[in-house]
Amino acid sequence: MIADIKDQQLLEAFQQGLTLSPRPYAELGLRIGLGENEVIERLARLKQSGLIKRLGVIVKHRKLGYCANAMVVWNIPDEQVHGFGRRISSFEFVTLCYRRPRHGTSWPYNLYCMIHGKNRGTVLEQLRVLEQVCQLSGFNREILFSRRCFKQRGAIYQNAAPLMQPALANG
Amino acid sequence: MMTPLHKQLLNDYQGNFPLSPRPYQDIATELGVSESDVIKALTELNETDVITRIGPVIPPNRIGVSTLAAIAVPEAHLHDIAQIVSACPEVNHNYEREHYFNLWFVIIASDADHLQQVITGIEQQTGYSVMSLPLMDDYFIDLSFRMDLHDC
């Protein structure tokens, strides 16, 4: 977990991205008054504790030809949603799998997954396999393909007491 | 034009980026190239907007609070409404999707009150009600995504 204010500052600075220069962690440290070793030790601990889920290159799928992106939503009985969620998330082409609350009659869905593909056909074929293997065909479901992307910035989290306003990297 | 080095950097370093004083040198050693080759290739990927940055992915709701939100907007107004939503610094992803609810965006705020302020602000500025669908469970383990780059 976050140990102190320095961890918070470090995460906020790190979310702006590493510099593309030989000693990027030293440069990150300079911005918040920490030495290179301490930056590396703190980040290793944050990764170990799960607060950093992944550390690396953050790609824009659309720029690489992965133009079809479907958010698929199901209405699954509450007592079964965990089991289906875990099964769906085990497929390699599924990039996100979440449970969210239903919202009245206009939005009765509670299980979400995201499938990226090079085109609609591949996404729909992957979904067909997923539904067959997981035995999902009996549930109410909708597919929401994305059209225009108005903004993509990868999640940048701010703290309760913002220390700096994150730059709009791709705003 | 993407080189084999570009593709390796894209597919092999979405996770497990080295936490060491000279991370680009460590990658270079693994791939059998020089540190400056790695830095140059990553700079090219950044300049061509293929990568947004090198940094951490933080699970939702571990720092601050977030929600997935949607608005149903008539097609004729969608572009203008999307611009208003995108202008909020608390909004990161903002997409049009094929549905009656056709504008989908993620809001990240410092706490629950701040999140509600952002939602209310968007409702007031756009004149449309916002459907907020906060995360209840995350079933996913690893966000790394292996891409087929043979035709890039």
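A salt bridge is counted here when a side-chain nitrogen of Lys or Arg lies within 4 Å of a carboxyl oxygen of Asp or Glu. Keep that cut-off at hand for the exercises below, and remember that this is a predicted model.

**Exercise 1. Find how many salt bridges cross the interface of chain A and chain B, and look at one that involves B:D138.**

Step 1. Start with the general idea: side chains of opposite charge can pair when their charged atoms come close.

Step 2. Applying the rule across the interface of chain A and chain B gives eight salt bridges.

Step 3. Now look at B:D138, whose side chain meets that of A:K53 at 3.1 Å, N to O. That pair counts because the cut-off is 4 Å.

**Exercise 2. Describe the interface of chain A and chain B by its contacts, its area and its residue classes.**

Step 1. Count residues: 84 of chain A are in contact with 82 of chain B.

Step 2. Turn to area: the two chains bury about 8200 Å² between them, and 59% of this is on carbon and sulfur atoms.

Step 3. Add the polar contacts, for which the rule finds 35 residue pairs across the interface, both residues at pLDDT 80 or more.

Step 4. Ask where the side of chain A that touches chain B comes from: strand 5 of chain A gives the largest share, ten residues. By class, this side of chain A has 41 nonpolar, 24 polar and 19 charged residues.

**Exercise 3. Trace the open sheet and explain what is special about strand 5 and strand 6 of chain B.**

Step 1. Write down the order of the nine strands, which is 5(B)-2(B)-4(B)-3(B)-5(A)-2(A)-4(A)-3(A)-6(B), with antiparallel pairing.

Step 2. Check the ends: strand 5 (131-133) and strand 6 (137-138) of chain B are at the edges with a single partner strand each, so one side of each has no neighbour in the sheet.

Step 3. Follow strand 6 of chain B to its partner, strand 3 of chain A, which pairs with it over two antiparallel bridges. Here B:D138 stands opposite A:Y98.

Step 4. Strand 3 (residues 94-99) of chain A also pairs with strand 4 (residues 111-117) of chain A, over five antiparallel bridges. In this pairing A:L96 faces A:M114.

Step 5. Finish with helix 5 (residues 120-134) of chain A, which packs on the sheet and touches strand 2, strand 4 and strand 5 of chain A.

Methods:
Residues numbered from 1 in each chain as written. Chains lettered and ligands numbered in written order. Predicted model: local features only at pLDDT ≥ 70, side-chain atom pairs only at ≥ 80, totals over all residues. Heavy atoms only, no water. Pairing = 2+ DSSP bridges. Helix = DSSP H or I, 4+ residues; strand = E, 2+ residues; numbered from the N terminus. Contact = heavy atoms within 4.5 Å. Axes fitted to C-alpha atoms, helices over the stretch in contact; angles between N-to-C directions. Buried area = accessible area lost by both parts, 1.4 Å probe. Polar contact = N/O pair within 3.5 Å; in protein donor to acceptor, adjacent residues only side chain to side chain. Nonpolar A, V, L, I, M, F, W, Y, C, P; charged D, E, K, R; others polar.
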